[in-house]
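Visitor: Please give me a close account of the enclosed and open spaces in this structure, and of the elements that surround them.

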Amino acid sequence: MKLSQFKFKLNEEQVALYPSYHRDECRLMIIHRKSEKIDMYKTDENGEPLKDEEGNPIFLDFRNVLDYFEEGDTFVFNDTKVFPARLYGTKEKTDAKIEVFLLRELNEEMRLWDVLVEPARKIRIGNKLFFDDSGTMVAEVIDNTTSRGRTLRFLYDCPHDEFKRELYALGEAPLPHYIVDHREAKEEDMEAFQCIFAKNEGAVTAPASGLHFSRELMKRMEIRGINFAYITMHCALGNFHDIEVEDLTKHKMDNEQMFVEAEACRIVNDTKASGHKVCAVGTSVIKATETAVGTDGLLKEYEGWTNKFIFPPYEFKLADCMVGNFYHPYSTLLMSECAFGGYDLVMKAYDMASENGYRFGCYGDAMLILDD
């Protein structure tokens, strides 16, 4: 498919700059990929939309996701943990303000980090960057990796745990630029931009579809007999990069580290064997499970990296249904959803979402794509 096929009109006001007050109270749209039905409203026993006091139909909210699953079904979650990756420092001598975005630690002993810097034109090998008023946290640029990429060596002599604690204390939640270009990150974003089941540190952006799950909702799912399986994919920034080619087969995704352990394989494969639904929560889970699935359609243990790029047409081998968000035009995340739900149907759902005031982006509303 072509990049231009993923264009749609999105009003800037519909991009969510803040999360819902409660995690599980965003809107939910249901997409039925076989019957090609799209549901937005709560209904009575006759299938008629329920109305509020003013006579307006009541939208489904995320807590209604429970209505579509039963005992024995399994949700697959990404338990990666976001760290405070965005820092602001100053360049030595000039005091120019520099944004440093931590990507990953390369060497604990030497305090080496792979980072992005902005504005990159001002940052050269040998420059020193200062991150606090006391001058304690200092980094030296030792390599250029890409146009914006640099390798930093932090000049901080202390135990590694203390260094990480001090470094992270200077950072903030790595919200996407479509949010921080309009408002500053707040202290509470570090909690809001983190799934409640986050466990394994390494992500520089949240697996957004997992943000909708509250402790209360997951407890209700557990009581119903729904299973939880956890994989780890450390979400990187590749999904936010502009695609610069019209032919999508020529686009190369960044590598992301992922782990699929035996317990997740057992839960998922037992679910499939029993004929129950496997629901992938988010495009990162779709990418991970499609990387680790075998030719027999079963999930296999996996530890390594993936740069899988999923766009239509694509034949999925594992999940029966998926939870997603509403994303921006030309987004690789939108493309993955179109591959799963069908291009025409998902793009129709996006048009309906735009017309009906749904919120877009990582803090936005959700969709559930079912195989019925």
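Guide: The largest pocket has a volume of about 780 Å³. A pocket is an open set of points on a 1 Å grid over the protein atoms alone, with protein on both sides within 12 Å along at least five of seven lines, and lining residues have an atom within 4 Å of a point. The volume is the space filled by probe spheres set on those points, which are joined across faces, edges and corners. The model is predicted, so local features need pLDDT of at least 70 and side-chain atom pairs count only at pLDDT 80 or more, whereas totals for chains, interfaces and linings use all residues. Residues are numbered from 1 along each chain as its sequence is written, and side-chain values use heavy atoms, with hydrogens and water left out.

Thirty residues form the lining of the largest pocket, and Leu-103, Arg-104, Asp-114, Ala-236 and Asp-254 lie nearest its centre. Two or more lining residues come from each of strand E6 (97-107), strand E7, helix H1 (160-169), strand E11 (200-203) and strand E13 (256-260). Helices (H or I, at least four residues) and strands (E, at least two) are DSSP runs numbered from the N terminus. The greatest contribution to this lining is that of E7, with four residues. By class, twelve of the lining residues are nonpolar, ten polar and eight charged; here Ala, Val, Leu, Ile, Met, Phe, Trp, Tyr, Cys and Pro count as nonpolar, Asp, Glu, Lys and Arg as charged, and the others, Gly among them, as polar.

The second largest pocket has a volume of about 670 Å³. Its lining has 27 residues, with Leu-237, Asn-239, Phe-240, His-241 and Asp-242 the closest to its centre. At least two lining residues each are supplied by E6, helix H2 (177-180) and H7. The lining of this second pocket has 15 nonpolar, seven polar and five charged residues.

The enclosed spaces come next. There are two cavities of 30 Å³ or more, a cavity being a set of points where a 1.4 Å probe fits but cannot get out. The largest cavity holds about 210 Å³ of space. Of the 18 residues that line this cavity, Ala-206, Ala-208, Asn-239, Thr-283 and Leu-333 lie nearest its centre. Helix H6 (residues 283-292) gives the largest share of the lining, three residues. The classes in this lining are ten nonpolar, six polar and two charged residues.

The second largest cavity has a volume of about 70 Å³. Its lining consists of Asn-239, Met-253, Thr-283, Ile-286, Lys-287, Lys-308, Phe-309, Ile-310, Thr-332, Leu-333 and Ser-336. The elements that give two or more residues to this lining are H6 and helix H7 (332-341). Five of the lining residues are nonpolar, four polar and two charged.

Helix H6 therefore merits attention in its own right: ten of its ten residues are buried, so the helix is largely enclosed by the rest of the structure. Buried means under 20% relative accessible area, exposed over 50%, and partly exposed in between (1.4 Å probe, protein chains only). Among the buried residues of H6 are Thr-283, Ile-286, Lys-287 and Thr-291.

Two of these H6 residues, Lys-287 and Thr-291, are in contact with Thr-306, where contact means heavy atoms within 4.5 Å. Thr-306 lies in strand E15 (residues 302-306) and is buried, at 5% relative accessibility. Beyond neighbours within four places in sequence, the contacts of Thr-306 also include Met-233, Asp-254, Asn-255, Glu-256 and Met-258. A polar atom of the Thr-306 side chain lies 3.2 Å from the backbone nitrogen of Lys-308. Lys-308 is itself one of the residues that line the second largest cavity, and Asp-254 is one of those nearest the centre of the largest pocket.

Helix H4 (residues 215-224) offers another view of burial, its buried residues being Leu-217, Met-218 and Met-221. Seen down the axis of H4, these fall within an arc of 95 degrees, so they line one face of the helix; the arc is that of the directions from the helix axis to the C-beta atoms. On the other side of H4, Arg-215, Glu-216 and Ile-223 are exposed. The cover over the buried residues of H4 includes strand E3 (74-78) and strand E12 (227-233). After H4 comes Gly-225, with a positive phi near 95 degrees.

Terms used:
A polar contact is a pair of N or O atoms within 3.5 Å; within protein, one must be able to donate a hydrogen and the other to accept it, and residues adjacent in sequence count only if both atoms are side-chain atoms.
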